[in-house]
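Reader: I am new to reading protein models, and I would like to understand why certain labels are given to certain residues. Could you take me through the reasoning?

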Protein chains: 2
Amino acid sequence: MPVYHCDRALLPAGMAADVLLHVEEGRIIDIAHGAPPAGAERLAGIVLPGLASLHSHAFQRGMAGLAETRGPTDDTFWTWRQVMYRFLGALTPEDVEAIAAFAYLEMLERGFTRVGEFHYLHHDRDGTPYADIAELAWRIALAAEATGIGLTLLPSLYVHGGFGGAPAHEGQRRFLNGPDRFARLVLAAEKLVRGLPGANLGIAPHSLRAVGPEELRAVLATHPDLPVHIHAAEQLREVEDCLAWSGMRPVEWLLVHAGLDARWCLIHATHLTARESEALARSGATAGLCPITEASLGDGIFDGPRFLDCGGAFGIGSDSNIEITAPGELRQFEYNQRLGTRSRNVTARRAGESTGRMLYARAAAGGARALRIGEGQLAPGAAADFVVLDREAVDLAHLDGDALMDAYIFVAGAAAIREVHVGGRRLVEAGRHVRRGPIEAAYRRTLRRLSGL
Amino acid sequence: MPVYHCDRALLPAGMAADVLLHVEEGRIIDIAHGAPPAGAERLAGIVLPGLASLHSHAFQRGMAGLAETRGPTDDTFWTWRQVMYRFLGALTPEDVEAIAAFAYLEMLERGFTRVGEFHYLHHDRDGTPYADIAELAWRIALAAEATGIGLTLLPSLYVHGGFGGAPAHEGQRRFLNGPDRFARLVLAAEKLVRGLPGANLGIAPHSLRAVGPEELRAVLATHPDLPVHIHAAEQLREVEDCLAWSGMRPVEWLLVHAGLDARWCLIHATHLTARESEALARSGATAGLCPITEASLGDGIFDGPRFLDCGGAFGIGSDSNIEITAPGELRQFEYNQRLGTRSRNVTARRAGESTGRMLYARAAAGGARALRIGEGQLAPGAAADFVVLDREAVDLAHLDGDALMDAYIFVAGAAAIREVHVGGRRLVEAGRHVRRGPIEAAYRRTLRRLSGL
């Protein structure tokens with residue numbers, strides 16, 4: 001029953017000094033202030049609540065950098081997707097596990113305590129299901145187990161290649177399941193997460209391109225209690241195609257037909273009208289923003305001020321995992337907003353609010369809501385998931401209070417991370433994951449084999 | 001007379017294997033290929049030509065993070081500037097030196113070999129000139145000397161508080177010089193750079209806000225052979241004010257009245273019409289882009305495709321130094337472009353071009369042109385300024401050719417930097433500046449004193 005004495009801790013009311021965290025069986029059971037009792041362990045740093053990467057396609061970490069050379073036509077999200085299909089066409093289950101383990105290790109080292117794995121890669125290279133329908137879901141769970149990251153497994157339903165039931169392309173054959181196979185997959189995934197401490201389950205109808213209205217209705221009805229994640233309105237072409245198919249924009253369609261509420265997380269939600277933005281905010285659904293990926297893929301800029309002013313909840317995801325950094329995602333979100341609005345301190349909506357703290361607190365709360373793991377705060381009853389920043393980091397040592405959060409997000413970044421604890425276990429020490437050696441070695445072997453070097 | 005054997009080196013034609021760099025008295029005297037001669041020193045990495053941060057206000061490194069809490073009104077560049085004025089109001093010469101030394105150390109550790117210091121902080125806290133008019137320029141030179149970074153010192157002329165000769169504010173009193181004092185300052189700065197290996201001089205009329213037409217004409221005529229740097233069109237309000245004053249936009253005014261050519265570097269040049277963009281590109285002037293600062297300050301997005309398609313030259317600057325990273329600036333430039341155009345691989349203009357290589361090569365060439373230090377390439381006759389990336393970095397080891405540059409810029413970032421050499425001296429080893437200890441200690445003392453902690 002450790003008691004941690006935190007020099008500083010980010011509590012719901014703001015940054016506090018001399019905080020005592022009582023932890024038992026992986027959960028925070030009490031929070032107190034003042035002098036440490038005998039036997040308390042000093043966390044000589046700034047303790048932040050755990051933060052989720054609420055949207056990840058772990059395997060894409062292995063293709064980081066491979067789509068940054070210009071192709072024969074104008075490059076867009078859609079040409080990037082072709083590169084991604086070619087890359088995944090070569091992956092074995094062992095590759096998927098090795099890449100996911102390294103991605104999760106990096107998430108931990110760089111400030112994420114949990115991942116929402118939007119898992120759409122299901123079958124063998126020729127599209128045949130593995131003997132175990134959940135073979136690759138199992139690999140994801142093994143990667144989570146090896147690294148200790150909290151896992152929300154989101155098996156994805158992918159039926160069609162485009163709006164209106166268009167047939168799938170060859171590059172999508174590893175994703176495809178009809179409703180029956182998907183039901184078996186979810187059952188198997190449920191078993192997997194039951195065996196993994198701190199893990200839980202959601203479902204991920206991939207998008208309105210890949211899932212028709214009937215299929216969506218069926219899967220929502222079959223799993224009325226699970227979180228639901230869906231890609232929506234990432235690209236303008238997707239919006240146009242959805243309009244051509246249904247007369248509505250993707251988020252508009254979901255608002256009208258899908259009954260959006262707090263169990264929903266809409267990934268990207270980049271291209272919204274003012275009405276969609278307001279209605280999405282009021283629905284209680286979370287916007288799952290992926291700022292680095294949205295910049296990398298040329299998606300566009302989310303309308304932050306309107307959504308926040310309507311009380312919208314958002315979390316962040318590392319998505320394509322081209323660069324994994326929790327503070328970097330938050331910084332990129334705010335910078336994208338500044339570029340879009342030509343103003344500053346956009347996420348802080350009131351005078352005197354620290355932008356760094358607002359970014360962190362909102363994303364931690366939104367991530368926790370979208371993955372259904374509590375409030376995303378340091379509070380009694382919460383899982384003992386937290387990040388410890390180096391109090392003596394050159395960019396932090398001279399500051400105090402919420403200003404520490406501004407300096408973490410905008411200046412020091414992930415280099416200031418010293419420890420990361422998940423479920424009461426210390427997984428990162430002195431900035432390095434405790435099992436980095438073998439996980440990195442396996443990842444290097446996979447990259448070498450895939451590149452033919 | 002060392003000979004370096006480079007596993008890989010980025011030559012003008014692209015990434016090459018087994019390159020021999022012959023260095024003598026701080027310059028590259030020959031480049032060859034093949035087996036290393038006896039006594040060659042192996043650089044077990046990827047050797048890149050030096051890259052300049054062509055625009056820096058070093059002292060602003062000390063306020064990194066202090067303007068990220070929302071103020072009483074809507075925050076913009078202009079409210080940020082108030083925070084900056086308050087911060088600099090407390091700086092002593094010792095502070096300026098300590099902050100600049102740490103900023104330059106970080107520039108070296110994170111992939112810059114040279115800095116263009118746009119130096120506008122001249123006088124004592126009450127606006128009185130120091131006994132030596134170049135006191136603070138001297139502190140900049142000391143910081144450059146202590147770290148070994150290449151310095152282009154750009155003393156800035158600052159006369160007025162706004163367009164049309166508006167009086168300066170109190171916050172600007174440390175910047176102000178009339179023509180006579182500025183002439184003395186430039187003379188003194190000339191002496192300073194003569195005493196500093198590899199240093200050189202330019203002039204920096206601050207902006208059309210701070211320098212009137214007559215003053216600009218006079219200073220250009222007095223120094224017909226020096227590089228000229230000027231802030232232009234960073235903010236929309238600046239464009240509007242310039243229109244109100246002159247009937248022209250800032251870059252338009254400079255094109256018409258100032259005779260832009262290859263000796264000019266226009267800092268930011270964010271808000272351009274298509275005609276300005278094309279004319280600026282064809283003028284031979286360099287666009288001095290500061291992507292992280294331009295995002296941080298909410299300036300806006302430069303029109304990259306048009307400028308590049310007209311053959312425009314650009315370099316990059318770390319400007320406010322809120323975050324110092326050479327690959328991060330290039331990545332931010334490309335990402336800003338992707339967000340603005342909703343497409344990908346914008347800086348690479350032709351099929352098959354590596355975006356990472358194009359970003360690096362163009363910025364190195366543009367930075368060298370703007371600071372007048374050669375071509376920004378590894379070539380005989382160039383200064384022996386180079387950056388060595390870790391060939392075994394997890395994101396690089398499985399790649400080869402120009403793809404290494406994509407992975408450096410978009411994935412690995414500055415963490416892959418192993419050595420940095422300037423003028424033939426190895427200043428960074430194993431990712432750490434050889435004099436980090438005392439320079440960091442002095443910086444910490446300064447920050448502590450300024451924060452009152």
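Author: What follows is a set of questions and answers about a predicted model.

Reader: What makes B:Arg344 and A:Glu68 a salt bridge?

Author: A salt bridge requires a side-chain nitrogen of Lys or Arg within 4 Å of a carboxyl oxygen of Asp or Glu. The closest N and O atoms of B:Arg344 and A:Glu68 are 2.9 Å apart, so the pair satisfies that cut-off. The count between chain A and chain B is 8 salt bridges, and over all chains the count comes to 62.

Reader: How many residues does each chain bring to the contact, and how much area is buried between chain A and chain B?

Author: Chain A contributes 65 residues and chain B contributes 65 residues. Between them the two chains bury about 5,300 Å², with 53% of that area on carbon and sulfur atoms. On the side of chain A, the residues A:Arg70, A:Leu339 and A:Arg344 supply 16% of the area that this chain buries against chain B, which is more than any other three residues supply.

Reader: Which kinds of residue make up the side of chain A that touches chain B?

Author: There are 39 residue pairs in polar contact between chain A and chain B, counting pairs with both residues at pLDDT 80 or more. Several helices of chain A each supply at least two residues of the touching side, including α1 (77-88), α11 (326-341) and α14 (436-451). By class, that side of chain A has 27 nonpolar, 18 polar and 20 charged residues.

Reader: Why is A:Asp74 called exposed, and is its partner A:Arg70 buried or exposed?

Author: The label "exposed" is given over 50% relative accessible area, and A:Asp74 has 57%, so A:Asp74 is exposed. The label "buried" is given under 20%, and A:Arg70 has 11%, so A:Arg70 counts as buried. The two residues form a salt bridge in which the closest N and O atoms are 2.9 Å apart.

Reader: What makes B:Arg42 and B:Asp7 a link between separate parts of chain B?

Author: B:Arg42 and B:Asp7 form a salt bridge, with their closest N and O atoms 3.2 Å apart. B:Arg42 lies in strand β4 (residues 41-49) and B:Asp7 in strand β1 (residues 3-11), so the pair ties together parts of chain B that are 35 residues apart in sequence. At 53% relative accessibility B:Arg42 counts as exposed, whereas B:Asp7, at 14%, is buried.

Reader: How do you know that B:Arg436 and B:Glu109 are both buried?

Author: B:Arg436 has a relative accessible area of 11% and B:Glu109 has 8%; the cut-off is under 20%, so both residues count as buried. They form a salt bridge, the closest N and O atoms being 2.9 Å apart. This pair links distant parts of the chain, since B:Arg436 is in helix α14 (residues 436-451) and B:Glu109 in helix α2 (residues 93-109), 327 residues apart.

Reader: Why does A:Cys310 not form a disulfide?

Author: A disulfide needs two cysteine sulfur atoms within 2.5 Å. The closest cysteine sulfur to that of A:Cys310 belongs to A:Cys265 and is 18 Å away, so the distance is too far for a bond. Over all chains the structure holds 0 disulfides. A:Cys310 itself, at 17% relative accessibility, counts as buried, and B:Cys6 is likewise buried, at 0%.

How values were computed. Residues are numbered from 1 along each chain as its sequence is written. Chains are lettered from A and ligands numbered from 1 in the order in which they are written. This is a predicted model: local features need pLDDT of at least 70, side-chain atom pairs count only at pLDDT 80 or more; totals for chains, interfaces and linings use all residues. Side-chain values use heavy atoms; hydrogens and water are left out. Contact means heavy atoms within 4.5 Å. Buried area is the accessible area (1.4 Å probe) that two parts lose on being put together, summed over both. A polar contact is a pair of N or O atoms within 3.5 Å; within protein, one must be able to donate a hydrogen and the other to accept it, and residues adjacent in sequence count only if both atoms are side-chain atoms. Helices (H or I, at least four residues) and strands (E, at least two) are DSSP runs, numbered from the N terminus. Ala, Val, Leu, Ile, Met, Phe, Trp, Tyr, Cys and Pro count as nonpolar, Asp, Glu, Lys and Arg as charged, and the others, Gly among them, as polar. Buried means under 20% relative accessible area, exposed over 50%, partly exposed in between (1.4 Å probe, protein chains only).
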